[in-house]
Amino acid sequence: MALFACKQPQNIAATEQVSQETTPAEPKDSTFLVYKRTPCFGMCPYFDLTIYQSGYAIYEGKNFVDMIGFYHTKFDKTALQEMMATAERIGYFSLADSYDNPHVTDLPTVTTSVMKDGSLKTVEARYKYPKELEELYQIIDEKIDIQKWTPVKTYRNE
């Protein structure tokens, strides 16, 4: 998987803060899913992804991923349905909010948030989390990998 490969980035996009003008998500378009991976002392993928109910998504690659910077795309309804079906099948909405041990260091945190019936469920997984969560991560990673991502153009004083 491109996101898990420990290699230097190949695609570079502008890394400035995304302005309101570059985010075409509708104001009423609520969050469908958030997927974040934090850094570690090694070469862990470090990025943030937000997908809205419309399928519009914004991705910020920060380190040790192929896409560094801001990108956007639109997921189709089938992809969103597959992600939700996986979340439901693994019992995501009944999981604990956090799996961690502050005495264990150098582990990245994977944070997911999924909207269902108007409620956003968030799970932070860092240490001894249910392995079923890996199924959700895998389907999201697969969907990220097959999308056609477009770099977000930022506006500079040039």
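Modeller: Let's start with a term: a salt bridge is a side-chain nitrogen of Lys or Arg within 4 Å of a carboxyl oxygen of Asp or Glu. Keep in mind that this is a predicted model.

Biologist: Thanks! What makes Arg 126 and Asp 100 a salt bridge?

Modeller: The closest N and O atoms of Arg 126 and Asp 100 are 2.5 Å apart. The limit is 4 Å, so the pair qualifies. Arg 126 lies in the loop between strand 8 and helix 2, and Asp 100 in the loop between strand 6 and strand 7, so the bridge ties together parts that are 26 residues apart in sequence.

Biologist: Why is Arg 126 called buried, and why is Asp 100 called partly exposed?

Modeller: Buried means under 20% relative accessible area. Arg 126 has 13%, so the word buried fits. Asp 100 has 43%, which falls between the 20% and 50% cut-offs, so Asp 100 is partly exposed.

Biologist: How many salt bridges are there by this rule?

Modeller: The count comes to six. One of them joins the side chains of Asp 48 and Lys 62, at 3.0 Å from N to O. Asp 48 lies in strand 3 and Lys 62 in strand 4, so this pair ties together parts that are 14 residues apart in sequence. Lys 62 has 30% relative accessibility and therefore counts as partly exposed.

Biologist: What makes Asp 97 and Lys 121 a salt bridge?

Modeller: Their side chains meet at 2.6 Å, N to O, and that is within 4 Å, so the name applies. Asp 97 is in the loop between helix 1 and strand 6, while Lys 121 is in strand 8, 24 residues away. Lys 121 is buried, with a relative accessible area of 14%.

Biologist: Back to strand 3: how do you know whether Thr 50 is buried or exposed?

Modeller: Thr 50, found in strand 3, has 17% relative accessibility; under 20% means buried, so Thr 50 is buried. Leaving out residues up to four places away in sequence, Thr 50 touches Thr 31, Leu 33, Val 34, Tyr 56, Ala 57 and Ile 58.

Biologist: And how do you know that the length of helix 2 agrees with what is expected?

Modeller: At 1.5 Å a residue, the 14 residues of helix 2 (residues 133-146) should span 20 Å, and the end C-alpha atoms are 21 Å apart, which agrees.

Biologist: Which parts do the buried residues of helix 2 pack against?

Modeller: The buried residues of helix 2, including Leu 133, Leu 136 and Ile 140, pack against strand 2, strand 3, helix 1, strand 7 and strand 8.

Terms used
Residues numbered from 1 in each chain as written. Predicted model: local features only at pLDDT ≥ 70, side-chain atom pairs only at ≥ 80, totals over all residues. Heavy atoms only, no water. Helix = DSSP H or I, 4+ residues; strand = E, 2+ residues; numbered from the N terminus. Buried < 20%, exposed > 50% of the residue type's maximum accessible area, 1.4 Å probe, protein only. Contact = heavy atoms within 4.5 Å. Expected span 1.5 Å × (residues − 1).
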